[in-house]
Amino acid sequence: MARKSAPDDLLAPLTLAVGQEELLLDRAVAQVVAAARAADPDTDVRDLAPGALQPGSLAELTTPSLFAERKVIVVRAAQDLAADSVKELKAYLAAPADEVIVVLVHAGGAKGKGLLDAARKAGAREVQCAKLTKAGERVAFVRGEFKALGRSASPEACQALLDALGGDLRELAAAASQLTADVEGPIDERVVARYYSGRAEATGFEVADLAVTGRAADALERLRWALAVGQPPTGITYALASGVRSIGRLATADRSMRAADLARELGMPPWKVDRVRQQMRGWTGDGVAVALTAIAQADAAVKGGSDDPAYALERAVVTVARAARSGARPY
């Protein structure tokens, strides 16, 4: 068995990211890429989508460059690789190339376990990315997000954020980043309530609920009322993004799953899954992409990128409502 790489050695020849929590998997990959580019700005990164690693392609990908720059090869969904590709990977792990970093993203479990075992035997640096299913784990995650951003939040604030947003780590991380950027001073339960709960939160999510169902006029009316009573514009862009992302996530989920299992998989309460399923009608994959782009532009505008943030929000709401009725190939 090869000597195991240290957990903090981001430049190890092989990193194994194991689990099904997408945010943690993406972060594990991003940390390796960032470390490689810090060591060599000319690092060549190949992030392979699931199924993109075809038999025979690994040798070409890992061949040293004429210019000797470092390479990072990311293999997504490694548990689903074809048998020939698995055989090639196992052979490569026995004699890895110099200046090449391979990151295997694996769901764990029984499927593809042979490759998982081979990577561990080869001394892979391993990063656990399991889903956080316990309430205490999620509270610790939120607390860690604030700490990583150089801020602290009270235990009550962390719990309030979980109560308001549910268990989706991407949404929780985005909310922690937003609060850190927008709020000066202590982040406590009252701050979270102002942004994400109570009447102010309901207003932002009412705008989103109307927009994602294509009701542009009603959504604009609610938006103007929200701004008039002091709803933070960033809270509105967050609600819009949350609504559209939920549609995209549910649309791409396994539809054969039972409702309760689906709710756990998506980190949503069952009632929200039912509501999003109703909102999905009329949406397409292209519509989701267009809507998220418009929301991102509005978010930049309300954070100082525009002299008229209200207009930017109105434009985003109209774009989302149009995207909700965008085509003949609905989800």
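Colleague: What classes of residue make up the lining of the second largest pocket?

Modeller: In this predicted model, that lining has 11 nonpolar, 6 polar and 8 charged residues. Lys272 and Arg275 lie among those nearest the pocket's centre, and Lys and Arg count as charged. Ala164, Phe205 and Trp271 are also on that nearest list, and Ala, Phe and Trp count as nonpolar.

Colleague: Which elements give two or more residues to the lining of the second largest pocket?

Modeller: Those are helix H6 (155-165), helix H9 (198-212), H11 and helix H13 (270-279).

Colleague: Good, now the strands. What is the order of the strands in the open sheet?

Modeller: The order is E2-E3-E4-E1-E5, with parallel pairing.

Colleague: How do you know that E1 and E4 pair?

Modeller: Two strands pair if there are at least two bridges between them. Strand E1 (residues 14-18) is joined to E4 by 5 bridges, so E1 and E4 meet the rule for a pair. One example is Leu16, whose bridge partner in E4 is Leu104.

Colleague: Why is one side of strand E2 (44-48) and of strand E5 (125-128) left without a neighbour in the sheet?

Modeller: Both stand at the edges, and each has a single partner strand, so one side of each stays free of a neighbour in the sheet.

Colleague: And the helices? Which strands does H1 lie across?

Modeller: H1 lies across E1, E2, strand E3 (71-75), E4 and E5, and it runs at about 175° to E4. Angles go from 0 to 180 degrees between N-to-C directions, so H1 and E4 point in nearly opposite directions. Helix H4 (residues 113-121) packs on the sheet too, touching E1, E4 and E5.

Technical notes. Residues numbered from 1 in each chain as written. Predicted model: local features only at pLDDT ≥ 70, side-chain atom pairs only at ≥ 80, totals over all residues. Heavy atoms only, no water. 1 Å grid on protein atoms, 1.4 Å probe; cavity = no way out; pocket = protein on both sides within 12 Å on 5 of 7 lines; lining within 4 Å. Helix = DSSP H or I, 4+ residues; strand = E, 2+ residues; numbered from the N terminus. Contact = heavy atoms within 4.5 Å.
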